[in-house]
Amino acid sequence: MRLPTTTVLSLSALAALVLTGCSTGSMTSAEPASPTTAAPRTVGSNAAASAPLSSAALSKRLLDESDLGEGYSRKPQRPATHGDVTVIGCPALAKLGSSAATGTGLSFPRKAKASFTYAGGSDSEVSEELYSDTATKLSQGIGEIFDAMTACPTYQLVPGSIVIDMGTKQTAAPDLGDEQWSQLLTYAVGGQRSVVKQTAIRTGTILVVLSGAPALVDAHLADAVQAAQAR
């Protein structure tokens, strides 16, 4: 049983890893190098203060296939499917409530998303999400969710009859933007295991989130932040 990376780790699902279904196939396994644990860091202001952008404006700042390079194809966006997700063994995450469990924990109205698959690796995916609001609201919203998720090294998610064993480890994030958060998430279903990386960068009034295969996230994070700032 396989849970697609971008289904599990889109930021709309970041609040409680909303799981909208599974399909048969192999699960990609990735053993991360020993990560360095680090708290979110604030560096000097790298983007001038500005008003929040509209969803239409954000969509123009997303990466596309030409930015990513050869071997990438864009995936069509599927409508969000909301269902009951039970969190076991992580009170901090469960406390976020049912809205988080159905993928609506971050309620920023200005947002845009793109997901891609990479032909160079089995089931390799990367997803980008952009949000815009005041710097304070962005920082508080993403910080609350990352804090809740990294508060529990291991826990379980139960959407319907599926039991997913989760593991979370905070990792160091590069000095990009104004604030940074990063984590490695391990999820296992039916004895098969996968590791994905999730990094969030706040630059001014824009929040950039890349999720997916760790190598792909590392390779494209700086370009995603630059595109969000400059386009």
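## A tour of the disulfide, the salt bridges and two buried polar sites

Begin by selecting Cys-152, which is buried in this predicted model, with a relative accessible area of 7%. Add Cys-90, which also counts as buried, at 2% relative accessibility, and show the sulfur atoms, since a disulfide joins Cys-90 to Cys-152 with an S to S distance of 2.2 Å. This pair links distant parts of the chain, 62 residues apart: Cys-90 sits in the loop between strand S3 (85-88) and helix H5 (91-94), and Cys-152 in the loop between helix H7 (135-150) and strand S6 (154-159). The torsion about the S-S bond is about 85°, so the disulfide is right-handed. A search of the whole structure finds one disulfide, and the tour can turn from here to the charged side chains.

The count of salt bridges comes to four. Select Glu-125 and Lys-75, whose closest N and O atoms are 3.5 Å apart in a salt bridge; Glu-125 belongs to strand S5 (residues 124-132) and Lys-75 to strand S2 (residues 72-75), 50 residues apart. Glu-125 counts as buried at 5% relative accessibility, whereas Lys-75 is partly exposed at 24%.

Next, select Glu-179 and Arg-202, which form a salt bridge with closest N and O atoms 2.8 Å apart. Glu-179 lies in strand S8 and Arg-202 in strand S9 (residues 192-203), so the pair ties together parts that are 23 residues apart in sequence. Adding Asp-178 to the selection brings up a network of salt bridges that links Asp-178, Glu-179 and Arg-202.

Move on to Asp-218 and Lys-197, a salt bridge with closest N and O atoms 2.7 Å apart, which connects helix H8 (residues 214-230) with strand S9 across 21 residues. Here Asp-218 is partly exposed, with a relative accessible area of 49%, while Lys-197 is buried at 12%.

Keep Lys-197 displayed and select Ser-182 in strand S8 (residues 179-189), because Lys-197 is among the residues in contact with Ser-182, as are Phe-146 and Gln-170. Ser-182 is buried, with a relative accessible area of 3%, and its side chain makes polar contacts with the side chains of Thr-171 at 3.0 Å and Thr-199 at 2.8 Å.

Finish at Arg-61, in the loop between helix H3 (55-59) and helix H4 (65-68). Which side chain of opposite charge is nearest to this buried residue? The nearest is Glu-128, 10 Å away, and Arg-61 has no salt bridge; the side chain of Arg-61 instead reaches the backbone oxygen of Ala-228 at 2.6 Å.

Note on methods
Residues are numbered from 1 along each chain as its sequence is written. This is a predicted model: local features need pLDDT of at least 70, side-chain atom pairs count only at pLDDT 80 or more; totals for chains, interfaces and linings use all residues. Side-chain values use heavy atoms; hydrogens and water are left out. Helices (H or I, at least four residues) and strands (E, at least two) are DSSP runs, numbered from the N terminus. Buried means under 20% relative accessible area, exposed over 50%, partly exposed in between (1.4 Å probe, protein chains only). Lys and Arg count as positive and Asp and Glu as negative; His and the chain ends are not counted. A polar contact is a pair of N or O atoms within 3.5 Å; within protein, one must be able to donate a hydrogen and the other to accept it, and residues adjacent in sequence count only if both atoms are side-chain atoms. Contact means heavy atoms within 4.5 Å. A disulfide is a pair of cysteine sulfur atoms within 2.5 Å.
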